[in-house]
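Here are my notes for you on this one, written to be read with the model open. I stuck to one strand and its neighbours, then went through the rings.

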Amino acid sequence: MKQLKDYVRNIPDFPKKGIQFKDITTVLQDPAGLKLAVTSLQKELVDLDFDLVVAPESRGFIFGVPIAFNTNTGFVPVRKVGKLPYETIQETYDLEYGSATIEIHKDAIQKGQRVVIVDDLLATGGTMQAIINLVEKLGGEVVKICFLIELQDLKGRELLKNYDISSSIVY
Ligand code: AMP
């Protein structure tokens with residue numbers, strides 16, 4: 001039987017030379033792959049008490065919404081700057097070249113709400129640290145972070161060592 005890992009497609013040198021891009025479209029397009037992915041992310045949340053799923057655009061949305069739906073919790077989007085229509089708070093973080101800014105609606109999380117963050121892939125952890133900062137600035141408590149894929153060599157787990165992290169596939 002095919003394992004979750006078998007559905008991930010590796011694209012060498014995308015978007016630039018030296019990057020091994022983990023393409024999850026091949027997971028999503030197969031009903032068995034999609035089911036395996038959502039199920040394996042969600043398995044980490046059994047018996048966990050939480051109020052909200054937070055996820056970043058765009059691949060985080062793909063997995064975050066079905067998990068929120070299945071666990072009867074709400075979903076909160078984190079977006080690139082300029083996309084959210086209401087008042088926001090922002091975080092700017094460093095990328096390999098330059099920086100990025102993401103934001104969240106300032107009324108999206110109430111103080112003390114328990115938050116699970118979902119994303120497709122953990123590399124350096126910089127993106128996730130910025131998302132955590134947004135959640136915590138609003139008074140949310142990050143109780144779990146779920147990734148579909150973790151690139152171990154990039155040591156994102158060390159950066160996020162104070163949080164409970166799970167990943168379904170490790171490279
Ligand atoms: P980082 O902030 O370094 O942990 O990067 C995380 C984000 O960049 C994830 O949300 C991924 O969507 C994307 N990303 C980084 N490296 C890769 C890769 N090798 N394959 C696919 N996506 C990647």
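Which residue in S7 does Leu 52 stand opposite? Keep in mind while looking that this is a predicted model.

1. To answer that one: Leu 52 faces Val 115 in S7. The two strands, S3 and S7 (residues 114-122), run parallel and are paired over 3 bridges.

2. There's a partner for S3 in strand S4 (residues 74-80) as well, again in the parallel sense, this time over 5 bridges. Here Leu 52 has Gly 74 of S4 opposite. To get from S3 to S4, the chain passes through helix H4 (residues 59-70), and that β-α-β crossover is right-handed.

3. Is S3 mostly covered or mostly open? Mostly covered: in this strand (residues 52-56), 5 of 5 residues are buried. Going through the side chains, Leu 52, Val 54 and Pro 56 point one way, while Val 53 and Ala 55 point the other way, and all are buried. Side chains in a regular strand alternate between the two faces of the sheet. So if you're scrolling along S3, expect buried side chains whichever way they point.

4. Now the rings. How many aromatic pairs does the structure hold? The count is 2. One of them is Phe 14 with Phe 21, set edge-to-face at 5.1 Å centre to centre, with 85° between the planes. Phe 14 has a relative accessible area of 43%, so it is partly exposed. Phe 21 comes in at 22%, which also makes it partly exposed, given that buried means under 20%.

5. Phe 61 and Phe 75 make up another edge-to-face pair, with 5.7 Å between centres and 90° between planes. This one ties together distant parts of the chain: Phe 61 belongs to helix H4 and Phe 75 to strand S4, 14 residues apart. That puts the pair on two elements you met in point 2, the crossover helix and the strand it leads to. Phe 61 is partly exposed at 23% relative accessible area, and Phe 75 is partly exposed too, at 25%.

6. Last stop, Tyr 171. Which lysine has its charged end over this ring at 4.2 Å from the centre? That's Lys 22. Lys 5 also lies over the face of Tyr 171, at 4.8 Å from the ring centre. Worth pulling up Lys 5 and Lys 22 together when you look at that ring.

How values were computed
Residues are numbered from 1 along each chain as its sequence is written. This is a predicted model: local features need pLDDT of at least 70, side-chain atom pairs count only at pLDDT 80 or more; totals for chains, interfaces and linings use all residues. Side-chain values use heavy atoms; hydrogens and water are left out. Buried means under 20% relative accessible area, exposed over 50%, partly exposed in between (1.4 Å probe, protein chains only). Helices (H or I, at least four residues) and strands (E, at least two) are DSSP runs, numbered from the N terminus. Two strands pair if DSSP finds at least two bridges between them. A crossover is right-handed if, with the strands pointing away from the viewer, the path from the first strand over the helix to the second runs clockwise. Rings of Phe, Tyr and Trp (its six-membered ring) pair if their centres lie within 6.5 Å; planes under 30 degrees apart count as stacked, over 60 as edge-to-face and the rest as tilted. A charge sits over a ring if NZ of Lys or CZ of Arg is within 6 Å of the ring centre and within 35 degrees of the ring normal.
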